[in-house]
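Biologist: I am new to this structure and would like a close look at a single part. Please start from whatever aromatic pairs there are, and follow the strands around them.

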Amino acid sequence: MNRIKPNTLVVPGLCLCHANENITAGDGTYTQGDFIYSSLTGFVDFKEDNKETVVEVSKGFGRSVVPTVGSIVTAKVTNIRRRFAKCAIFCVEDTVLQEPFRGIIRKEDVRLKDRDKVELYKCFRPGDIILAKVTSLGTMHSYNLSTAEDELGVVSATSEAGCEMVITSWSEMMCTKTFVKEPRKVAKVVPQNFAAKNFSKLQQEFNT
């Protein structure tokens, strides 16, 4: 995979680059297999130290930034109800917020098609990191969000086993440890985020 460009906004679990004897994980990152991943939401930096490159992710907080209608936000799902999901918005476009805003995704705003058949627990789980669009200002100082567009939805998730998940289709993700699949409304713009040693197994599962 190609190295992510410096100053790119990343979320936890995002694969940043290959790890080798000359490229190591620094603050805000960790190594898994042959890759370096982000452990927090922030901006990537590659620091040169003699002949070694240290990959770091640091938080760059925005001042007086608030979501507006049409903004693309990064949020963490905090609670799932029958008719809506609650979220904590921690990024607006490419700006990390000092304090999160509250967001609500109603079941009719999850997908463009078959809205009446949406089951929220098959689209999101608490802890999922999602991309969503602000549609309006809701009640109680919250924002109404939508993931109906193909490019919106889950970008990072943890399985019921507590492990990182990878995409197997636009409606499923799979645990990298147990290979058990779980339903999700997956965003169609998601970087590769699994170790090379699991590639063959994951490809086999994807094609079954």
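Modeller: The answer below gives the basis of the values, then the chain as a whole, then the rings and the sheets.

This is a predicted model, in which local features need pLDDT of at least 70 and side-chain atom pairs count only at pLDDT 80 or more, while totals for chains, interfaces and linings use all residues. Residues are numbered from 1 along each chain as its sequence is written, and side-chain values use heavy atoms, with hydrogens and water left out.

The protein chain has 1 helix and 17 strands; helices (H or I, at least four residues) and strands (E, at least two) are DSSP runs, numbered from the N terminus. Of its 208 residues, 45% are buried, where buried means under 20% relative accessible area, exposed over 50% and partly exposed in between (1.4 Å probe, protein chains only). Contact means heavy atoms within 4.5 Å; among contacts between residues at least 6 apart in sequence, 52% join residues at least 24 apart.

Now the rings. A pair of aromatic rings is described by the distance of the centres and the angle of the planes. Rings of Phe, Tyr and Trp (its six-membered ring) pair if their centres lie within 6.5 Å; planes under 30 degrees apart count as stacked, over 60 as edge-to-face and the rest as tilted. Searching the whole structure gives 2 aromatic pairs. One joins Y30 and Y37, which are stacked, at 5.5 Å centre to centre with 15° between the planes. Y37 is buried, with a relative accessible area of 0%, whereas Y30 is partly exposed at 28%.

The other pair is F101 with Y143: the centres are 5.7 Å apart and the planes stand at 85°, so this pair is edge-to-face. F101 belongs to strand β11 (residues 95–106) and Y143 to strand β13 (residues 142–146), so the rings tie together parts that are 42 residues apart in sequence. With 22% relative accessibility F101 is partly exposed, and with 12% Y143 is buried.

Strand β13 leads on to its neighbours. Two strands pair if DSSP finds at least two bridges between them. β12 and β13 do this in the antiparallel sense over 4 bridges, and V134 stands opposite L145 in β13. Strand β9 (residues 72–80) also pairs with strand β12 (residues 129–137), antiparallel and over 5 bridges; here I72 has K133 in β12 as its bridge partner. β12 is further joined by 3 bridges to strand β14 (residues 153–156), again antiparallel, and in β14 the bridge partner of I130 is V154.

Back towards the start of the chain, an open sheet of 3 strands has the order β2-β5-β4, with antiparallel pairing. β2 (15–18) and β4 (29–32) are at its edges with a single partner strand each, so one side of each has no neighbour in the sheet. The twist averages 30° from one strand to the next; axes are lines fitted to C-alpha atoms, for helices over the stretch in contact, and angles run from 0 to 180 degrees between N-to-C directions. β2 is joined by 3 bridges to strand β5 (residues 35–38), with F35 in β5 as the bridge partner of H18.

An unreviewed UniProt entry annotates residues 9–45 as "domain: Exosome complex component N-terminal"; UniProt positions follow the numbering used here, feature names are shortened, and annotations may be inferred rather than shown by experiment. The end C-alpha atoms of residues 9–45 lie 10 Å apart, and the span is 0% helix and 57% strand.

Another open sheet of 3 strands has the order β15-β16-β17, with antiparallel pairing. Its edge strands are β15 (165–169) and β17 (181–183), each with a single partner, so one side of each is left without a neighbour in the sheet. The twist there averages 40° from one strand to the next. β15 pairs with strand β16 (residues 172–175) over 4 bridges, and V166 has M174 in β16 as its bridge partner. The loop between β16 and β17 holds F179, which has a positive phi of about 65° although it is not a glycine. Most residues other than glycine have a negative phi. F179 is partly exposed, at 22% relative accessibility.
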